[in-house]
Amino acid sequence: MAGVSFSIGAGTLVALIGGSGSGKSVLLREMIGLLRPDAGTVRVLGTDMWADPASKVDAVRRRFGVLFQDGALWSSLTVAQNVAAPIVEHEPLPPRLVRAQVRLRLAQAGFAPGCRQQAAERTLGGMRKRAALARALALEPRVLFSTSRRPDWIRSRQRAFDTMVRSLVDDLGITVFNRDARSRHAARCGGPVIVLAQCRVRADGPVREVMHVDDPWVRAYFAVRTMLEGGDNGG
């Protein structure tokens with residue numbers, strides 16, 4: 001990738017949008033330290049993810065959470081055990097405090113209280129994504145990387161999830177970096193937008209401004225998405 005440069009302020013909800021093959025997945029993997037970039041620098045919370053000592057990078061990784069589109073829950077564990085896993089591994093807490101943290105994170109993610117002991121493999125749809133969000137919040141991250149929306153969700157369900165994530169940003173002050181957000185989703189979340197095309201940043205700023213930048217690819221992208229998503233980008 002070349003021509004990719006941007007910065008994200010603390011407590012911001014950012015949407016990364018672009019067509020298929022634009023480089024969104026590659027960029028996300030470079031940011032969280034799974035794929036070494038060919039050149040340039042990736043800094044997360046002030047740490048160079050590819051040049052600083054491994055101990056420093058590992059410490060930063062404990063300060064961000066990753067929310068995968070399919071949840072990526074461990075199917076052999078219950079929902080509560082999934083959320084508890086990173087706490088048990090990284091925080092020397094007594095069991096009662098671990099349980100309290102699990103309850104808190106599930107509540108923050110809007111997960112039904114009576115389903116905590118349900119097997120992860122039986123947790124589907126919106127509840128599965130909320131369980132995955134609770135696990136991503138387990139270590140009180142300062143940054144949350146998310147693959148964002150589910151293509152099979154109805155709009156009302158996606159809107160409710162978007163509103164909850166927005167409240168996490170406002171209430172907890174975390175930074176959320178959303179990959180694969182649609183233009184409707186990006187407008188509803190109310191944060192800045194980064195438009196990636198042909199592995200380059202083509203626009204960066206508030207969505208209402210980005211929609212009208214003097215770039216043929218960006219204008220065409222939003223024109224098509226507006227038509228496919230029902231016209232109103234405000235959701």
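Good morning. I begin with helix α3, which gives the largest share of the lining of the second largest pocket, 4 residues. Please bear in mind throughout that this is a predicted model.

The second largest pocket has a volume of about 590 Å³. Its lining consists of 21 residues, and Arg 61, Phe 64, Gly 65, Val 66 and Pro 86 are the closest to its centre. Which elements supply at least two residues each to this lining? They are α2 (54–61), β4 (64–67), α3 (79–90) and α5 (125–136). By character, the lining residues divide into 14 nonpolar, 2 polar and 5 charged.

Let me stay with α3 for a moment. Its buried residues are Val 79, Ala 80, Asn 82, Val 83, Ala 84, Pro 86 and Ile 87. Pro 86 therefore appears twice in this account: it is buried, under 20% relative accessible area, and it is among the residues closest to the centre of the second largest pocket. The elements that cover the buried residues of α3 include α4 and α5. As a general point, an α-helix has 3.6 residues a turn, so residues three or four places apart point the same way.

I turn now to the largest pocket, which holds about 810 Å³ of space. It is lined by 36 residues, and those nearest its centre are Phe 6, Ile 8, Met 31, Arg 43 and Val 44. At least two lining residues come from each of α1 (24–31), β2 (43–44), α4 (95–108), β5 (143–146) and β6 (175–179). Which element gives the most to this lining? It is α1, with 3 residues. The lining divides into 20 nonpolar, 10 polar and 6 charged residues.

Phe 6 leads us to the next topic, a strand residue. Ile 194 is found in strand β7, residues 192–197. Phe 6 and Ile 194 are 188 residues apart in sequence, and their C-alpha atoms are 8.3 Å apart in space. Is Ile 194 buried or exposed? With a relative accessible area of 1%, Ile 194 counts as buried, because the cut-off for that term is under 20%. Beyond its neighbours within four places in sequence, Ile 194 is in contact with Phe 6, Val 14, Ala 15, Leu 16, Ile 17, Phe 177, Val 201, Ala 203 and Asp 204.

The strand around Ile 194 is mostly covered as well: 5 of the 6 residues of β7 are buried. What are the pairing partners of β7? One is strand β1 (residues 13–17), which pairs with β7 in the parallel sense over 3 bridges. Within that pairing, Ala 15 has Val 193 of β7 as its bridge partner. Another is strand β8 (residues 200–206), which runs antiparallel to β7 and is joined to it by 6 bridges. Here Ala 197 is bridged to Arg 200 of β8. β7 and β8 form a hairpin with 2 residues between them, and Gln 198 in the turn has a positive phi of about 55°.

I close with the protein as a whole. Its secondary structure comes to 9 helices and 8 strands. Of its 235 residues, 46% are buried. Among contacts between residues at least 6 apart in sequence, 68% join residues at least 24 apart. The accessible surface comes to about 11,600 Å², with 51% belonging to carbon and sulfur atoms. Thank you for your attention.

Definitions and conventions. Residues numbered from 1 in each chain as written. Predicted model: local features only at pLDDT ≥ 70, side-chain atom pairs only at ≥ 80, totals over all residues. Heavy atoms only, no water. Buried < 20%, exposed > 50% of the residue type's maximum accessible area, 1.4 Å probe, protein only. Contact = heavy atoms within 4.5 Å. Pairing = 2+ DSSP bridges. 1 Å grid on protein atoms, 1.4 Å probe; cavity = no way out; pocket = protein on both sides within 12 Å on 5 of 7 lines; lining within 4 Å. Points joined across faces, edges and corners; volume = space filled by probe spheres on them. Nonpolar A, V, L, I, M, F, W, Y, C, P; charged D, E, K, R; others polar. Areas by Shrake-Rupley, 256 points an atom, 1.4 Å probe, with all protein chains shown as cover.
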